[in-house]
Amino acid sequence: MSALQFIDTHCHLDFPEFDQDRQAVLQGAKNNAVRQIIIPAVTQATWSRSIELCQQQSSCYLALGLHPVFIAQHQSTHLEKITELVKRNQAVAIGEIGLDYYLKQLDRKKQQSFFSQQLCIAKHIGLPAIIHCRKAHDDCIKMLRQHTPAGGIIHAFNGSLQQANKYIEMGFLLGFGGMLTYSRSSKLRKLAVQLPLESIVLETDAPDMTVAQHRGSRNSPEYIPYIAEALAEIRNESVAEIGATTTANAHRVFPGLEL
Ligand SMILES: [Zn+2]
């Protein structure tokens, strides 16, 4: 068996929460066998920050997109720039894009418009999509059926087994993070056992959604092994197997990641 390895498929390491110690966090992640980290961008105003980080750090890979939670900030002129920036900066995915119906103040019509336009871009360029979806799986599945991008990840998946299977049929993987480390996440843990390991990737969503071991503090890509350990325990598989398979899964869905 090759050495232990993990990929954090969803980490906002460009956020200001990491400005004081980003290098130390990157080193800590490396020490914990987290070999690669995908950085999904969230707004046009912060794209340059994500691009710069991924240029400077060989372990960091860029995803470019407009996040639904920041829908009020997005303009159609931002969409026009995505294709060119993706090509110039070797982005491995379009993201973070999607639908958030949990936060009631977000304009749903505008979210749907930006999501479908970014799915079109992903399909046109041939890149996978990193999708944020809260309380909107039925609409999300419908829109993916219309646009069929080249697969991707449903990040922080928290839907039903039936919904998971629909995403898997469309070539999507499901991202599992810190919530798995909480024993009270019984529905999510049950789902993580029912799904084939080939459909799962690991993610932190740092600085948010921290693991039980660091409850109340900032999340970090360094904590990926806690998520792998939780998954290994509930699935009755080894951490090495979880690491190897989820790493292979991430490489399959993101062909732009170096081997
Ligand atoms: Zn995110």
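**Close-up views of a predicted model**

**View 1. The end of helix 8.** Just past helix 8, Asn236 has a positive phi of about 60°. This is a predicted model, so every panel here shows computed geometry. On either side of Asn236 sit the partners of a salt bridge: Arg235 pairs with Glu237, and their closest N and O atoms are 2.8 Å apart. Arg235 counts as buried, at 14% relative accessibility, while Glu237 comes out as partly exposed at 29%.

**View 2. Helix 8 and what packs over it.** Have a look at which residues of this helix are tucked away: Ile224, Pro225, Ile227, Ala228, Ala230, Leu231, Ala232 and Arg235 are the buried ones. Their cover includes strand 1, strand 2 (34–40) and strand 7 (172–176), along with helix 7, strand 8 and helix 9 (239–253). Does the length of the helix agree or disagree with its residue count? It agrees: 12 residues at 1.5 Å a residue should span 16 Å, and the end C-alpha atoms of helix 8 are 17 Å apart.

**View 3. Helix 4, from cap to finish.** Start at the N-terminal end, where Asp107 does the capping: one of its side-chain oxygens lies 3.0 Å from the backbone nitrogen of Lys109. Helix 4 itself covers residues 108–125, and its 18 residues should span 26 Å at 1.5 Å a residue; the end C-alpha atoms are 26 Å apart, so the two agree. After the helix comes Gly126, with a positive phi near 85°.

**View 4. The buried residues of helix 4.** On this helix, Gln111, Phe114, Phe115, Ser116, Gln118, Leu119, Ile121 and Ala122 are buried. Among the elements covering them are helix 3 (76–88), strand 4 (93–100), strand 5 (129–134) and helix 5 (137–147). Zoom in on Phe115 and you'll find it touching Ile97, Gly98, Leu99, Ile131, Cys140, Met143 and Leu144, leaving aside residues up to four places away in sequence.

**View 5. Two nonpolar cores.** Phe115 turns up again here, as one of the residues with the most contacts inside the largest nonpolar core, together with Leu13, Ile131, Leu144, Tyr167 and Phe176. That core has 71 residues. Which element gives the largest share of it? That would be helix 8 (residues 224–235), with 6 residues. A second core, separate from this one, has 14 residues, including Ile38, Tyr61, Ala63 and Ala250.

**View 6. A salt bridge between distant parts of the chain.** Seven would be a lot to show, so here are two more from the structure's 7 salt bridges. In one, Asp14 pairs with Arg49, with the closest N and O atoms 3.2 Å apart. This pair links distant parts of the chain, 35 residues apart: Asp14 is in the loop between strand 1 (6–8) and helix 1 (22–31), whereas Arg49 is in helix 2 (residues 47–56). Buried or partly exposed: what are the two ends? Asp14 is buried, with a relative accessible area of just 2%, and Arg49 is partly exposed at 29%. In the other, Asp19 and Arg22 bring their closest N and O atoms to 2.7 Å. Asp19 is partly exposed, at 47% relative accessible area.

**View 7. Cysteines without disulfides.** How many disulfides does a search of the whole structure find? The count is 0. Take Cys54, whose closest cysteine sulfur is that of Cys60: the gap is 5.5 Å, so these two sulfurs are too far apart for a bond. Cys54 is buried, with a relative accessible area of 15%. Cys120 has its closest cysteine sulfur in Cys140, 14 Å away, which is also too far for a bond. Unlike a buried residue, Cys120 counts as partly exposed, at 39% relative accessibility.

**View 8. Glu198 and its neighbours.** This last panel moves to the loop between helix 7 (186–194) and strand 8 (200–202), where Glu198 is found. At 45% relative accessibility, Glu198 is partly exposed. What does Glu198 touch, not counting residues up to four places away in sequence? Its contacts are Leu173, Thr245, Asn249 and Arg252. As for Ala228 in helix 8, one of the buried residues there, its C-alpha atom is 14 Å from that of Glu198, with the two positions 30 residues apart along the chain.

Note on methods. Residues are numbered from 1 along each chain as its sequence is written. This is a predicted model: local features need pLDDT of at least 70, side-chain atom pairs count only at pLDDT 80 or more; totals for chains, interfaces and linings use all residues. Side-chain values use heavy atoms; hydrogens and water are left out. A salt bridge is a side-chain nitrogen of Lys or Arg within 4 Å of a carboxyl oxygen of Asp or Glu. Helices (H or I, at least four residues) and strands (E, at least two) are DSSP runs, numbered from the N terminus. Buried means under 20% relative accessible area, exposed over 50%, partly exposed in between (1.4 Å probe, protein chains only). The expected span of a helix is 1.5 Å times one less than its number of residues. Contact means heavy atoms within 4.5 Å. A polar contact is a pair of N or O atoms within 3.5 Å; within protein, one must be able to donate a hydrogen and the other to accept it, and residues adjacent in sequence count only if both atoms are side-chain atoms. A disulfide is a pair of cysteine sulfur atoms within 2.5 Å. A nonpolar core is a set of buried Ala, Val, Leu, Ile, Met, Phe, Trp, Tyr and Cys residues joined through side-chain atoms within 4.5 Å.
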